Amino acid sequence: MDELEWKRPALIGGLIAGILSVIPFIQMLNVCLCLWAWVGGIVAAKLLINRSPRIITSKDGAKVGMYAGLIGCAIVFVISMLIMFWRMDRLLETMIALSANAPEVQSSYAKIQDNPAIKTMLSFVIAFISAIFILGFTVLGGLVGVAMFEKRRGQPPPPQYPPSYPPNYPPNYPPNYPPNYPPQSGGSGGDQGG
């Protein structure tokens, strides 16, 4: 994929997958099998197809989906970890209230709530799992994007320009003939005529 221009498709697909996965309310569509990750991968594959002079294979779609997924994964990981750490106390209070009939569970949640290291670790784990899902589904989106939008299968490759001439042609092809060409008939005896 080194000859392909993959950076812009990967960046745009990754921003779609990452940013839309962390915006409140819009992120709720990620409940449907990481919808924004699929969309990011499909968009990345479509942009790669539009920019490529050659046929894009499924392998290329998976690669651009992976690159887009890494960008989206980083966005989701950082923002989700910060949000999760910020909301952890409220989440633990809800869990304590829901486990009113189980005092052992309540005490476990209370211990977590009092320990910042455990809260940080839980935030990290939850954000990491979310980011891995984004990465995986963006790769699948890249594969789906190639299957949906690459229509050039079975077509001959585009011609090479400029066409290559045989090496024995002079550089000023077609040749420039001298102004008195073709030679006059008659040879060295002068004009023939009567």
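Me: Which residue meets Arg 152 in a salt bridge, and is that partner buried or exposed?
Reply: Happy to start there, with the reminder that this is a predicted model. The side chains of Arg 152 and Glu 150 meet in a salt bridge, with 2.8 Å from N to O. Buried means under 20% relative accessible area, and Glu 150 has 2%. So the partner is Glu 150, and Glu 150 is buried.

Me: How many salt bridges does the structure hold?
Reply: Besides the pair Arg 152 and Glu 150, Arg 54 meets Asp 60, and Lys 119 meets Asp 89. The number of salt bridges in the structure is three.

Me: Which residue of the pair Arg 54 and Asp 60 is buried?
Reply: These two side chains form a salt bridge at 3.0 Å, N to O. Arg 54 has a relative accessible area of 28%, so Arg 54 falls in the partly exposed range. With a value of 5%, under the 20% cut-off, the buried residue is Asp 60.

Me: How many residues apart are Lys 119 and Asp 89, and which helices hold them?
Reply: Their side chains meet in a salt bridge of 2.9 Å, N to O. The pair links distant parts of the chain, being 30 residues apart. Lys 119 belongs to helix H5 and Asp 89 to helix H3.

Me: Why does Lys 119 count as buried while Asp 89 counts as partly exposed?
Reply: The cut-off for buried is under 20% relative accessible area, and exposed starts over 50%. Asp 89 sits between these limits at 32%, so Asp 89 is partly exposed. Lys 119 is buried because its relative accessible area is 11%.

Me: What pattern does the chain follow along the sequence?
Reply: The chain has five helices and zero strands. Read along the sequence, the pattern is therefore α-α-α-α-α.

Me: Where is Thr 138, and which backbone oxygen lies 2.6 Å from its side chain?
Reply: Thr 138 has its place in helix H5, which covers residues 116-149. Its relative accessible area is 0%, so Thr 138 is buried. The backbone oxygen that lies 2.6 Å from a polar atom of the Thr 138 side chain belongs to Ile 134.

Me: Which residues does Thr 138 contact beyond its neighbours within four places in sequence?
Reply: Thr 138 is a buried residue of this helix. Setting those sequence neighbours aside, its contacts are Ala 17, Ala 37, Gly 40, Gly 41, Gly 65, Ala 68 and Gly 69.

Me: How far apart in space are Gly 141 and Ala 45?
Reply: Gly 141 is found in helix H5, and at 0% relative accessible area it is buried. Away from its sequence neighbours within four places, Gly 141 is in contact with Trp 38, Gly 41 and Ile 42. Gly 141 and Ala 45 are 96 residues apart in sequence, yet from C-alpha to C-alpha the distance is 8.0 Å.

Me: Which element gives the most to the lining of the largest pocket?
Reply: The largest pocket has a volume of about 540 Å³. Of the 20 residues that line this pocket, the closest to its centre are Ser 21, Gln 27, Ser 80, Met 84 and Ser 130. Two elements give two or more residues to the lining, helix H3 (58-98) and H5. The one that gives the most, with six residues, is H3.

Me: How do the residues of that lining divide into nonpolar, polar and charged?
Reply: Here is the split for the largest pocket, whose volume is about 540 Å³. The lining divides into 14 nonpolar, five polar and one charged.

Me: Where is Ser 52, and which residues does it touch?
Reply: Ser 52 lies in the loop between helix H2 (35-51) and H3. With a relative accessible area of 8%, Ser 52 is buried. Its C-alpha is 7.2 Å from that of Glu 5, although 47 residues separate them in sequence. Not counting residues up to four places away, Ser 52 touches Leu 4 and Arg 152.

Me: What is the phi of Phe 25, and is this residue buried or exposed?
Reply: Most residues other than glycine have a negative phi. Phe 25, in the loop between helix H1 (7-19) and H2, has a positive phi near 70°. At 75% relative accessibility, over the 50% cut-off, Phe 25 is exposed.

Note on methods:
Residues are numbered from 1 along each chain as its sequence is written. This is a predicted model: local features need pLDDT of at least 70, side-chain atom pairs count only at pLDDT 80 or more; totals for chains, interfaces and linings use all residues. Side-chain values use heavy atoms; hydrogens and water are left out. Helices (H or I, at least four residues) and strands (E, at least two) are DSSP runs, numbered from the N terminus. Buried means under 20% relative accessible area, exposed over 50%, partly exposed in between (1.4 Å probe, protein chains only). A polar contact is a pair of N or O atoms within 3.5 Å; within protein, one must be able to donate a hydrogen and the other to accept it, and residues adjacent in sequence count only if both atoms are side-chain atoms. Contact means heavy atoms within 4.5 Å. On a 1 Å grid over the protein atoms alone, a cavity is a set of points where a 1.4 Å probe fits but cannot get out, and a pocket is an open set with protein on both sides within 12 Å along at least five of seven lines; lining residues have an atom within 4 Å of a point. Grid points are joined across faces, edges and corners, and a volume is the space filled by probe spheres set on the points. Ala, Val, Leu, Ile, Met, Phe, Trp, Tyr, Cys and Pro count as nonpolar, Asp, Glu, Lys and Arg as charged, and the others, Gly among them, as polar. A salt bridge is a side-chain nitrogen of Lys or Arg within 4 Å of a carboxyl oxygen of Asp or Glu.
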